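Biologist: I am new to this structure and would be grateful for a close look at a single part of it. Please take the nonpolar interior as the subject, and then relate the surroundings to it.

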Amino acid sequence: MKYIMLFFRFFENSIIKALSFRFDFMMGFLEGFLFFVINYLFFNTFTDQTSTLLQAERMVHISCHQIFTGFFFGLFIDNLSGLSYYINRGDLDYLLVKPINSLFILSLRHINIGHIFSTIAVFPLLFVSLRQLQSQITLSMFVMYI
């Protein structure tokens, strides 16, 4: 329970930080959106030449890729890139003696809100594409996907 509360506290701090630097927040969102556009162009170009995937199937593939990479970039990339900074400044020792799992605090301390929002924005595209493919989505399938 304390990990859930701590995660929401990390999320709240990240929102406050993101809203303090609005341009950085908008650039993070734009980066996530451009990453989606690049993936779309990449998959569209290669699947036109090599396979007979339908447009809706392509959009499902692209949406799933965007969701996974967006969550990775949103949750972990800022923290992983800051690890050398923590080591050089000596902050890693301070984080390791906290009464909480050190992997949790090192992995989820800073959350990139722009990537998380761009990831969430892809879910409607995924659902529309699955509906075009006439796929039945149940709650248990959605939970397993998440």
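Modeller: The account below starts with the interior and then turns to the aromatic rings, the surface and a loop. Please keep in mind that this is a predicted model.

Within the largest nonpolar core, which has 15 residues, the members that touch the most others are Phe-10, Ile-105, Leu-106 and Ile-111. At least two residues of this core come from each of helix 1 (2-20), helix 5 (91-96), helix 6 (102-108) and helix 7 (113-120). The most is given by helix 6, with 4 residues. As a general background, nonpolar side chains in soluble globular proteins tend to be buried together.

Ile-111 deserves a closer look. Leaving aside residues up to four places away in sequence, Ile-111 touches Phe-7, Phe-10, Phe-11, Ser-14, Gly-74, Leu-75 and Ile-116. Apart from the largest core lies another core, of 7 residues, including Val-60, Val-122, Leu-126 and Leu-130.

One of the residues in contact with Ile-111 is Phe-7, and this residue leads on to the aromatic rings. Phe-7 has a relative accessibility of 25% and therefore counts as partly exposed, since the partly exposed range runs from 20% to 50%. The structure has 8 aromatic pairs in total. Phe-7 and Phe-8 make an edge-to-face pair, because their ring planes stand at 65° with the centres 6.0 Å apart; the cut-offs that apply are centres within 6.5 Å and planes over 60 degrees apart. Elsewhere, one aromatic cluster is formed by Phe-35, Phe-72, Phe-73 and Phe-76.

Helix 1 also holds Lys-17. This lysine is partly exposed, because its relative accessibility is 49%. Along the chain, Lys-17 and His-110 are 93 residues apart, yet 9.6 Å separates their C-alpha atoms.

Nonpolar side chains are also found on the surface. There, Phe-23, Met-27, Leu-30, Phe-33 and Leu-34 make up a nonpolar patch whose accessible area together is about 500 Å². Of these residues, Leu-34 belongs to helix 2 (residues 22-50), and its relative accessibility of 42% makes Leu-34 count as partly exposed.

The last place to visit is a loop. Gln-134 sits between helix 8 (123-132) and helix 9 (139-145). Its phi is near 60°, a positive value in a residue other than glycine. With a relative accessible area of 69%, Gln-134 is exposed.

Terms used: Residues are numbered from 1 along each chain as its sequence is written. This is a predicted model: local features need pLDDT of at least 70, side-chain atom pairs count only at pLDDT 80 or more; totals for chains, interfaces and linings use all residues. Side-chain values use heavy atoms; hydrogens and water are left out. Rings of Phe, Tyr and Trp (its six-membered ring) pair if their centres lie within 6.5 Å; planes under 30 degrees apart count as stacked, over 60 as edge-to-face and the rest as tilted. Buried means under 20% relative accessible area, exposed over 50%, partly exposed in between (1.4 Å probe, protein chains only). Patches are made of residues with over 30% relative accessible area and no salt bridge: like charges are joined within 9 Å, nonpolar side chains (Val, Leu, Ile, Met, Phe, Trp, Tyr) within 5 Å. Accessible areas come from the Shrake-Rupley method with a 1.4 Å probe; for residues, only the protein chains shown count as cover. A salt bridge is a side-chain nitrogen of Lys or Arg within 4 Å of a carboxyl oxygen of Asp or Glu. A nonpolar core is a set of buried Ala, Val, Leu, Ile, Met, Phe, Trp, Tyr and Cys residues joined through side-chain atoms within 4.5 Å. Contact means heavy atoms within 4.5 Å.
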